[in-house]
Amino acid sequence: MKKSIFYIAAGLMLAACSHKDYVIEVSNNLDFDRNQELISVDLKASQIGRLTDSEGNDVAYQATENGIVFQASVAANSTATYSLSVTEPSTAQAPVKTSAFFLGNRRKDDFAFENDKAGYRMYGPALLNENPSNGVDLWLKHVENPIMDEMYKQEEGGKPYHIDWGYGLDSYKVGHAVGCGGVAIVYNDKAWVGGPYSRWEILQEGPLQTIFRLDYDSILVGESILHESIVITVNAGAQVNKAEVTFYGEGVDYLKVGGGIFLHDEIANLKVGKDYIAYAESATSDKGIYGVHASAGIDATTLDFGRNYVAVIVPEMENAQQFDITELALRSYKLGETFTYYFGGGWSKRDFRTDEEWFEATSKTAQAIASPLSVVVK
């Protein structure tokens, strides 16, 4: 059975009532606007219909196992009201903004996922002899609709995804490191990064929210082998993805776990804030892209790749620490617990013109996670 896992707002469970219309009040207690933020509403209703905002405009939503999710906009220190009719049919169809898929033999077991902001991939067992990690790769996007599958198809047709053919590009190097928000364990003053995943499962698919799980059978920590399970929730409009990680095993104590950022050759611009780390650099961290461009007859030194941005948010983060050229946002951890954090990236050619804009947006996202929108259903 597919599961539904949400963040940002917790809905109020309702008693079953098949012919009752609902008023949904969404409140923001922060001093900045919350725009197009995905919220969840749990509904014990036998049918649902048209959703509208306070001005009567149709609002698209995604039906889930427990209710609906939709993107709400709420001004600072305000409440926005939405109406849900169970008898009037919905006339708005949600545009597809989230996606997750397994590449298999097409690309060495890559598992790719994206929303309207950025694309990502994680590495599978077919890459084992290349020493991959359980880190996350970042793909930069020009467009809001899912395009990673099309970028893979272009690669298969002779147009590498390390070159921007109009959709965006992969210019971020991961190697055997955490990449853009991968997880690592700190034990005996060393950061331990895992290898490729062993199994995958998509738990929920939809235009506004997609959820999947990756399982890892062999995470080496000290002399112990641990197992990892990570559930990732991809939401429309969100600059970060939610990750819920559990490590299983025995033989290691006094751990810390963190989401991390691979800083590459040098620290371009790193900021440590309350409950987050954020990073900005030239979008040429994978210097191999110059060779890819040269093979296609393109002089990459004449191109402007812009800046790529990475953030990791750890609620109640205890400290940030650098290990070699990896920065981790850390919390104490016991085996068997679930460690929840958020990771994501952006591009100066999309939503953020400067490093400071990215840092400010990350700070606001961390505050929003700490103070989720309140949802009341009447």
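Which residue forms a salt bridge with Arg121, and how far apart are the closest N and O atoms? Keep Arg121 in mind as you look at this predicted model.

## A salt bridge to start with

The partner is Asp110, and the closest N and O atoms of the pair are 2.6 Å apart. This salt bridge links distant parts of the chain: Arg121 belongs to strand S9, while Asp110 sits in the loop between S7 and S8, and eleven residues separate the two. In the whole model, the count comes to 24 salt bridges.

## The sheet around Arg121

Let's look at the sheet that includes S9. Five strands make up this open sheet, in the order S7-S8-S9-S10-S11, and their pairing is antiparallel. Strand S7 (99-102) and strand S11 (168-169) stand at the edges with a single partner strand each, so one side of each has no neighbour in the sheet. As background, strands of a sheet pair through backbone hydrogen bonds, and they can do this in a parallel or an antiparallel way.

Try following one pair of strands on the structure. S7 is joined to strand S8 (residues 111-114) by four bridges, and the two run antiparallel. Here you can find Phe102 standing opposite Phe111 in S8. Helix H1 (residues 148-156) lies across S7, S8, strand S9 (119-122), strand S10 (137-141) and S11, and it runs at about 135° to S8.

## A second five-strand sheet

There is another open sheet of five strands to find, with the order S13-S12-S18-S23-S22 and antiparallel pairing. Its edges are strand S13 (190-193) and strand S22 (319-323); each has a single partner strand, so one side of each is left without a neighbour in the sheet. From one strand to the next, the twist averages 40°.

At one end of the order, S22 pairs with strand S23 (residues 326-333) in the antiparallel sense over five bridges. Phe323 has Thr326 in S23 as its bridge partner.

## A hairpin to trace

Now for a hairpin: four residues connect S14 to S15. Strand S14 (residues 199-204) and strand S15 (residues 209-221) pair in the antiparallel sense, with five bridges between them. One residue to pick out is Arg199, whose bridge partner in S15 is Asp215.

## Two pockets

Where can you look for empty space in a protein? Rolling a probe the size of a water molecule over the atoms shows where such space is left. The largest pocket here has a volume of about 670 Å³. Its lining holds 23 residues, and those nearest its centre are Asn35, Gly237, Gln239, Ala361 and Thr365. Strand S2 (34-42) and helix H3 (355-370) are the elements that give two or more residues to this lining. H3 provides the largest share, seven residues. Sorted by class, the lining of the largest pocket has nine nonpolar, six polar and eight charged residues.

The second largest pocket has a volume of about 340 Å³. It is lined by 17 residues, and Arg107, Arg121, Tyr123, Glu130 and Gly175 are the closest to its centre. By class, six residues in this lining are nonpolar, three are polar and eight are charged. That brings us back to the residue we began with: Arg121 forms a salt bridge with Asp110, and Arg121 is also among the residues closest to the centre of the second largest pocket.

Terms used. Residues are numbered from 1 along each chain as its sequence is written. This is a predicted model: local features need pLDDT of at least 70, side-chain atom pairs count only at pLDDT 80 or more; totals for chains, interfaces and linings use all residues. Side-chain values use heavy atoms; hydrogens and water are left out. Two strands pair if DSSP finds at least two bridges between them. Contact means heavy atoms within 4.5 Å. Axes are lines fitted to C-alpha atoms, for helices over the stretch in contact, and angles run from 0 to 180 degrees between N-to-C directions. On a 1 Å grid over the protein atoms alone, a cavity is a set of points where a 1.4 Å probe fits but cannot get out, and a pocket is an open set with protein on both sides within 12 Å along at least five of seven lines; lining residues have an atom within 4 Å of a point. Grid points are joined across faces, edges and corners, and a volume is the space filled by probe spheres set on the points. Ala, Val, Leu, Ile, Met, Phe, Trp, Tyr, Cys and Pro count as nonpolar, Asp, Glu, Lys and Arg as charged, and the others, Gly among them, as polar. A salt bridge is a side-chain nitrogen of Lys or Arg within 4 Å of a carboxyl oxygen of Asp or Glu.
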